[in-house]
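Welcome, and please open the structure in your viewer. We will walk through it one selection at a time.

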Amino acid sequence: MEADIIRHKPAKRLGGIFSRRILLDICLISAAIAFFFIFPNNLGFMTRVLVMIIMVLSLDLVLGYAGVATLGHAALFGSGAYAAGIFAVYISANPLLGLVVGALAGAIIAFFSGLILMRATGLTLLMLSIAVAQVLFELVNSERDLTGGSDGLLGIDMDPVLGLYAFDFYGKTGYWYALAVLVVVFILLRVFVASPFGLVARGIHASPERMRAIGTPVYWRLITIYTLAGGIAGIGGAVSAQVTELVSLESLGFNLSAEAMIMLILGGIGRLYGAIFGTVIFMTVHHFAASVDPFNWLFVIGILVLLVVYVVPEGVLGLPEKLRKHLGMAK
Amino acid sequence: MKKLFAALSAASAIGLASAGPALADHTVKVGIIAPFSGPFAIWGKQFQEAIEVYVAQNGESAGGHRIEFVYKDSGGPNPSGTKALAQELVISDGVDYLGGFVFTPNALAVAPLIDEAQIPTVIFNAATSIIVEKSDYFVRTSFSLWQVSVPMAEWAYAQGIRTAAISVTDYGPGNDAEIAFKTAFEALGGTVVDTIKMPLATTDFAPFMQRIKDQSPDAVFGFLPAGPPSFAYIKAYNENGLREAGIEFLGTGEMDETTLEAIGDAAIGITTAYHYSGAHPSEMNQAFTDKIDEMFPGSVTNLASVGAYDGAHILYQMIGAVGSERTEAVDVVRGLAWESPRGPVSIDPVTRHITQNVYIRRVARDENGRLVNEEFDVIEAVPDLGLVEN
Amino acid sequence: MSVFFGILVDGVSYGMILFMISVGLTITMGLMRVINLAHGSFALIGGATAHWLTSEMGVGYYAAVPLAVLATMMVAMVLEKVFYRKIYQFTELQQVLATIGITFLCIATVNYLLGSTILPIKIPEVFTESISLGFRSMPVHRLVVIVMGLVVVVALFLLLERTNFGIQLRAAVDNRTMADALGIDTVRIFALSFSLGAGLAAFGGILGAELLPVEAYYPLRYMVLFLVVVAVGGMGSIAGSFLAAIGLGIIDTAARYIVPEYGTIFFFVVMMLVLALRPRGLLGRI
């Protein structure tokens with residue numbers, strides 16, 4: 001934990017490394033644009049990956065930066081999805097307004113559940129966060145008239161984005177839309193993480209006691225971070241609702257929370273990029289393993305997960321560092 | 001011109017069954033979306049086996065078109081994933097038709113897509129009434145809960161049952177079943193003494209049984225998803241003395257052939273109303289089950305099998321008539337009547353939902369000692385009453 | 001009044017199953033400080049083995065149960081050696097990931113060998129009969145569960161309070177480093193108690209199969225349920241797990257009897273209340 005801080009802090013201050021990051025960002029965005037042309041037939045799947053990245057980035061903020069391990073992130077994602085969906089059905093089908101509504105819903109749920117969650121740690125926190133998601137799941141299931149229950153929320157028919165780009169059957173607009181939202185979210189997170197507030201988050205992660213000792217109101221800081229993460233997860237949910245034009249109970253389900261966590265740890269926590277790589281790797285492997293041998297794909301995922309924890313416990317992003325160390329020692 | 005072409009190829013399709021592959025010059029692809037992984041993987045397996053049996057019996061082509069099935073795994077209820085799969089099937093695999101669909105939200109998610117791309121889509125299972133209204137390209141070969149619950153209520157009333165409790169799993173299909181049974185039963189003059197909505201995750205049913213028993217109705221109508229819930233419910237029904245107390249269980253799909261052996265003797269004598277029994281006495285069904293047994297030893301046929309088998313039949317009719325000129329394909333099967341392993345069926349020309357007999361069955365052991373649903377009464381040619389009455 | 005007793009009896013027997021499966025989890029989580037999401041896998045392995053023995057090998061129930069429990073304990077020993085020794089040193093998150101990975105492999109294996117449908121365990125005829133308790137009747141297997149649950153409680157109490165192993169185990173739970181320094185072979189204690197926990201899970205899984213049917217996805221389906229018991233009871237506390245399991249069993253049963261449509265919500269709200277007031281669980285020490 002201590003080592004983490006030492007490794008991260010200088011990175012923030014050195015302009016050189018910062019600009020190298022920007023280079024990497026440009027590469028990533030270029031890759032996302034290139035994928036559109038390389039895989040024009042898989043836009044639906046790639047859009048789902050982009051949406052999931054937004055969700056996992058949000059989890060990274062909570063888990064990777066503030067060090068708060070929850071297993072109920074779907075509560076925030078699903079709230080955003082249902083809020084944006086219901087808003088689109090009954091009030092306005094404007095996608096951007098829908099994003100705002102989704103963000104607000106995610107943030108509100110995060111704030112109020114955070115009041116309880118942020119007091120807890122360890123197993124208690126995991127269980128409480130699961131419970132929040134489960135209670136929301138049951139509420140949505142029983143409020144059938146408004147939410148459609150287990151049939152899913154029907155009747156979402158989005159207006160064109162900015163009045164110009166209609167959501168089309170090939171998923172082209174959906175892809176660009178999700179990518180644009182993701183880029184904005186990523187930049188936002190980047191700015192936040194580098195801000196003094198972001199450093200406070202890291203400080204709390206490293207040692208809540210010490211932060212408390214220097215006068216930081218740890219509890220309220222955590223709630224602020226959780227609320228922000230809720231807003232971002234809510235945006236992810238909103239995009240999902242708008243692109244799929246249907247919201248189902250599974251967006252609040254335990255499986256989604258668990259998968260998001262697997263993806264994040266797979267990629268590596270506390271680096272933002274980990275969320276991106278972890279999600280891409282997990283979903284791609286799932287996609288191919290499931291199409292080759294769906295009945296047994298769980299073997300592949302299980303082995304992948306174990307390989308990562310045992311070989312590169314820091315996540316896939318720890319791999320280059322590990323290699324570098326290894327080669328360095330060889331010299 | 002198109003109509004003429006359709007008529008011509010429909011005519012040739014009839015004569016084609018034997019001529020088969022020789023005429024095949026062009027391949028039409030059909031995408032099947034179903035769960036092949038996870039807790040619901042049995043559905044995909046049942047679908048695929050039934051389709052392969054249909055192909056083995058009827059050849060690989062219809063109307064000079066070779067038919068190729070492409071299978072995709074949707075996992076559980078997963079509308080966004082299902083929509084992406086459908087997009088992929090249409091855009092990259094170039095399928096002209098879709099089939100499968102176990103869960104309502106998954107089927108609903110593809111409605112806008114098949115409208116825009118004009119893809120005729122045959123639903124093998126997803127049973128909520130409204131689905132077929134969401135796109136003119138949907139045709140359904142399964143059933144709806146209205147379709148089987150109303151006959152159950154009417155049959156029960158005719159047997160002298162006057163009071164009933166309702167216990168359904170608290171989700172879409174459960175609510176459909178509840179409303180359908182209640183509406184029909186009360187319309188006849190019966191009284192529903194209690195309605196219990198049971199949580200989806202529950203497998204300990206003792207408290208519900210106790211509550212029902214305390215009110216001692218003539219019967220309890222239930223709806224539960226197949227698998228662990230049905231298994232545990234029927235056991236709890238027996239063990240909590242409801243059967244001894246003479247409270248008859250009335251159900252629909254709980255005695256599914258894939259879980260029947262697991263439930264064991266506890267299932268014997270349970271009465272349900274449903275559109276298909278693996279033991280339906282007809283030559284057609286015998287041929288179907290024999291072929292399943294021959295090609296996939298150890299497999300049984302259930303509602304999923306017959307939904308997929310008839311779904312394949314519909315797809316063959318459409319493809320035989322129009323090939324990949326699919327825009328008018330659905331019209332080919334409107335009003336189509338044929339004999340299915342479940343008995344005589346037809347596609348309602350307006351709702352595009354299957355009209356079929358509903359059988360009253362009771363679980364018994366057959367001559368080989370296997371547990372089967374024995375049909376002993378029938379309500380003929382029932383349409384989707386959910387669409388008719390709503 | 002009979003309603004009250006009915007709920008009590010059903011709740012206690014449901015709670016006993018939860019207790020038997022979860023008590024192993026509370027031992028391992030309390031002792032080794034491992035967030036072990038794979039615990040339900042041992043109930044699955046036990047249940048699947050018992051299914052295979054009774055249905056396919058023709059072994060009688062009374063022989064199949066101990067065999068299946070022993071088999072599970074052996075598998076647990078191996079898994080402990082191969083995977084868990086390293087997991088102890090992981091961070092909380094890596095533990096979550098590693099144990100989920102193990103769960104996936106267990107599910108995939110059972111799925112591959114026995115399929116994804118229910119794996120019924122043939123129970124003796126007498127278990128399915130009902131006996132009258134005066135105010136109501138009750139299936140024998142539920143009574144068996146209650147009795148065996150009590151036996152497990154007493155046996156665990158004796159094991160922990162009256163044997164050398166128990167003393168060493170408690171010492172290791174309280175302070176591993178100190179126990180190590182005093183010459184207690186904590187590695188061996190860990191391995192033994194881990195496999196004991198797995199055996200209990202298997203035993204509970206088999207006895208509870210009539211209420212929580214065994215199938216490949218069992219560990220994921222009930223993962224949260226078992227964790228709730230441990231969290232509410234307090235990690236490492238056997239008495240706490242007992243209280244939590246019985247309490248939650250009764251509350252859940254009552255909620256389902258009285259307000260079925262809000263049954264699940266009620267269950268989770270109670271859990272949240274307890275944990276909000278007592279973050280370490282009812283009797284937790286860590």
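Domain bounds on this tour come from an automatic or database domain assignment. For chain B, that assignment gives domain 1 (2–143 + 280–352) and domain 2 (145–274 + 358–389). A word on what you are viewing: this is a predicted model, where local features need pLDDT of at least 70, side-chain atom pairs count only at pLDDT 80 or more, and totals for chains, interfaces and linings use all residues. Residues are numbered from 1 along each chain as its sequence is written, while chains are lettered from A and ligands numbered from 1 in the order in which they are written.

**Stop 1: the two domains of chain B**

Colour the two domains of chain B separately; their C-alpha centres lie 29 Å apart. Where they meet, 13 residues of domain 1 are in contact with 16 residues of domain 2 (two residues are in contact if their C-beta atoms, placed from the backbone, lie within 7 Å). The domain 1 side of this meeting place has five nonpolar, seven polar and one charged residues. Here Ala, Val, Leu, Ile, Met, Phe, Trp, Tyr, Cys and Pro count as nonpolar, Asp, Glu, Lys and Arg as charged, and the others, Gly among them, as polar.

**Stop 2: chain B as a whole**

Now show all of chain B as a cartoon, and you can look for 13 helices and 15 strands. Both are DSSP runs numbered from the N terminus: helices are H or I with at least four residues, strands are E with at least two. The C-alpha atoms of chain B fill a box of roughly 65 × 45 × 35 Å along the principal axes. Of its 390 residues, 63% count as buried, meaning that 20 or more other C-beta atoms lie within 10 Å of a residue's own; 12 or fewer makes it exposed, anything in between partly exposed, with C-beta atoms placed from the backbone.

**Stop 3: over to chain A**

Select chain A next: how many helices and strands are there? Chain A has 15 helices and zero strands. Its C-alpha trace spans about 60 × 45 × 40 Å along the principal axes, and buried residues make up 54% of its 331 residues.

Pick out helix H13 (residues 273–292) of chain A. Its end C-alpha atoms are 28 Å apart, in agreement with the 28 Å expected for 20 residues at 1.5 Å a residue (the expected span is 1.5 Å times one less than the number of residues). Among the buried residues of H13(A) are Phe277(A), Phe282(A), His286(A) and His287(A).

**Stop 4: where the chains touch**

Show chains A and B together: 28 residues of chain B are in contact with 27 residues of chain A. On the chain B side, helix H3 (79–91), helix H4 (104–117) and helix H6 (172–188) each give two or more residues. That side divides into 13 nonpolar, 10 polar and five charged residues.

Then add chain C, where 32 residues of chain A are in contact with 32 residues of chain C. Which helix gives the most to the chain A side? H6(A) does, with 12 residues. The chain A side divides into 24 nonpolar, six polar and two charged residues.

**Stop 5: the core**

Finally, select Ile54(A), Leu57(A), Met127(A) and Leu264(A), which touch the most other members of the 341-residue largest nonpolar core. Such a core is a set of buried Ala, Val, Leu, Ile, Met, Phe, Trp, Tyr and Cys residues joined through C-beta atoms within 7 Å. Leaving aside neighbours within four places in sequence, Ile54(A) is in contact with residues including Val181(A), Ile232(A) and Val239(A).
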